[in-house]
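Hi there,

Here is the structure I promised to pass on to you. Have a look at it first, and then read my notes below.

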Amino acid sequence: MEIGLVDLFDGSTERNPDFMARFGRTAEELGFTGIWLPEHIVFFDEYTSAYPYPEAPSATDPEQVERHNRTVDGTARVEAAEDQGLLDVLQAAVEVCAATTRLRVGSSVLLLPLRNPTLLTRDLMTVAALTDGRVDLGVGVGWSAEEFAACQTEFRTRGRRCGQGIAELTRLWDDPDGIYPRDPAPLPRVLVGGHSPAALRRAATAGTGWYPWNLTPSQFAEHHATYRAHLEEAGRDRSAQHVIVGLRFTGEVAALAPVVERYLDLGADGVNISLRMGAHDYADTMRTVSDALGLAA
Amino acid sequence: MDLGIACSFRTTGTEALGTAIARAAATAERAGLASWWAGGDREAAADRAHDPTLGLQRVARATSRIRLGLSGDLLSLRGAAVRAKQIASIDWFGGGRLELGLDLACPPPVLADPFREIGDHVGRCIDNLGAMRALWTQRRASHHGEHVSFTGAIALPKPVGDRVPATHLRATTADVLDRYVAAHAAPAGWLAWQAGRADLVAADAVLTRVLGEAAEDVRRTWCVPVADLPAAREAIASLPVRVDELVADLDHLPTDDEIAAIAAFA
């Protein structure tokens, strides 16, 4: 089973490159498969857009959800500090991989519609070369119209642009007459985030995996069935795809193991857990989770 | 006069990319070179090289003193906010050593986003730079230009030390320089990139014609193919223009011997 941690490197003094190296090495030593890094290009104090994943499965009963995000005027907000920073996700991935030997690093998720796919292809070839292929590409369409406007990208058509971006990335990777480095490493796994009908179809037809977020086990089972049906329609084999369930977990760590087991029993290939660990206690938290899940054994 | 090196991130032997970058960058710094310039977007495509930004991030992590330069950013190819974060992140990893070189010439079509129209690429570059500077300097950033507009954007990290990275322009035409200066005032630097002597002198004349006396405050960098370094070094004393930095350019990551040969011209 693949157990990953979702956490962030914010470009602060506290979470400097030495911290990033220690964080990565600790995760690797404790048996985690990967670290997954969120992406936002900019944040805002005020949003009209609602954060779409404010509720996560409860630790005590994962079929129930608990709302952990702040709500303002009825609109769910993203979980972020007042002055939230995030390093460029690909540079952060390269940095963590340089400090480790086995740990994978993924994007959770890279906002693909904001990127020029021609240049992103080169970026990812470079990342693959620098990390010996230890990077996974979670991609998504975002939720913040404010962020898309600031990034000069139409919000309404972001889904289409995401699908186009994956297709272009896949095509260019194998372009023998390209402008890219010769003999690139294999294309990273492209896991499409979200569980909307469009996201499920995109994951099954364009990506090489699916990355749902904050679904209860029952919801996961339902959407996973739809995803598998889309794969079958497309003539693609589920065993060649990769499904990682991501969730924000705020309960007691002791309750984590049965939750993880449930997703794995339902067909997930791995589970990514967001614990929002502190800079001073992350090692203890990782050790507790590793012990609870039997990762280092 | 400073002496620097520029290269495309392309390996020529069996060395892994990350190893080659770290080795060459550390060697260049030990050899006393003043700067390491990543080849621009244009050169990366022509040389089938790796990404200049990610390569330069590894240079930043392998060194502590050498100036770090992006030599030819084609700003119209990327969203301003995306690029602002990428550049601020390198600067963060490098402890505030990044300098930004802009290439305002028309981008090669092969680098374009196939699903997005660029239109007036010079205007987009100039507007994007304004947006980037707002994101780099304002706690809650606002910018309202022809191509990009936002209010209250929180962009972190910012470049180290409450500064905007020194911005160099690749030598361009008087019309383009005029447009740039009207929006952003004089650039910090003027890059005569892979230029012959005649091109260097002509480029300097453009700078002087547009900026007048203010041109004196602009740092002049002359980049030549590494094979032309001996002749360029010898010619500098007799040139009618000032050169503040001479840069030797390679289409690949240099060997230690190549770096030593360049450093010998300091």
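**Strands side by side**

B:Thr221 has B:Glu245 as its bridge partner in strand S10 of chain B. Before I go on, please keep in mind that this is a predicted model, in which local features need pLDDT of at least 70 and side-chain atom pairs count only at pLDDT 80 or more, while totals for chains, interfaces and linings use all residues. Residues are numbered from 1 along each chain as its sequence is written, and chains are lettered from A and ligands numbered from 1 in the order in which they are written.

That pair belongs to strand S9 (residues 219-225) of chain B and S10(B), which run parallel and are joined by 5 bridges. A few terms will help here. Helices (H or I, at least four residues) and strands (E, at least two) are DSSP runs, numbered from the N terminus. Two strands pair if DSSP finds at least two bridges between them.

S10(B) is also joined to strand S1 (residues 2-7) of chain B, in parallel, by 6 bridges. There, B:Gly4 has B:Val247 as its bridge partner. Is S10(B), residues 245-250, mostly covered or mostly open? It is mostly covered, with 6 of its 6 residues buried. A residue is buried if 20 or more other C-beta atoms lie within 10 Å of its own, exposed if 12 or fewer, and partly exposed in between, with C-beta atoms placed from the backbone. One side of S10(B) holds B:Glu245, B:Val247 and B:Asp249, the other holds B:Leu246, B:Ala248 and B:Leu250, and both faces are covered.

Elsewhere in chain B, strand S7 (residues 167-170) pairs in the parallel sense with S4(B) over 3 bridges, and B:Leu100 is matched with B:Thr167. S7(B) also pairs in the parallel sense with strand S8 (residues 189-193), again over 3 bridges, and here B:Arg170 is matched with B:Leu191.

**The nonpolar core and helix H5 of chain B**

The largest nonpolar core has 166 residues, and A:Ala93, B:Ile5, B:Ala81 and B:Leu135 have the most contacts inside it. Such a core is a set of buried Ala, Val, Leu, Ile, Met, Phe, Trp, Tyr and Cys residues joined through C-beta atoms within 7 Å. Helix H4 (residues 80-93) of chain B gives the most to this core, 9 residues. In soluble globular proteins, nonpolar side chains tend to be buried together.

What does B:Leu135 touch, not counting residues up to four places away in sequence? The answer is B:Ala81, B:Ala84, B:Ala141, B:Ala153 and B:Ala155. Two residues are in contact if their C-beta atoms, placed from the backbone, lie within 7 Å.

B:Leu135 is one of the buried residues of H5(B), which also include B:Cys125, B:Met132 and B:Trp136. The buried residues of this helix pack against H4, strand S4 (98-102), strand S5 (141-144), strand S6 (149-154) and helix H6 (174-184) of chain B. You can check the length of H5(B), residues 121-137: at 1.5 Å a residue its 17 residues should span 24 Å, and its end C-alpha atoms are 24 Å apart, which agrees. The expected span is 1.5 Å times one less than the number of residues.

**Where the two chains meet**

Here 42 residues of chain A are in contact with 41 residues of chain B. The largest share of the chain A side, 10 residues, comes from H3(A). By class, that side has 22 nonpolar, 10 polar and 10 charged residues. In this count Ala, Val, Leu, Ile, Met, Phe, Trp, Tyr, Cys and Pro are nonpolar, Asp, Glu, Lys and Arg are charged, and the others, Gly among them, are polar.

The chains also share a strand pairing: S3(A) and S6(B) pair in the antiparallel sense over 2 bridges, with A:Phe44 matched to B:Ala153.

**Two residues to compare**

B:Arg58 sits in helix H3 (residues 52-62) of chain B and counts as buried because it has 27 C-beta neighbours inside 10 Å. Leaving aside neighbours within four places in sequence, B:Arg58 is in contact with A:Leu130, B:Gly18, B:Ile21 and B:Ala22.

B:Ser149 lies in strand S6 of chain B. With 14 C-beta neighbours inside 10 Å, B:Ser149 counts as partly exposed.

Happy exploring!
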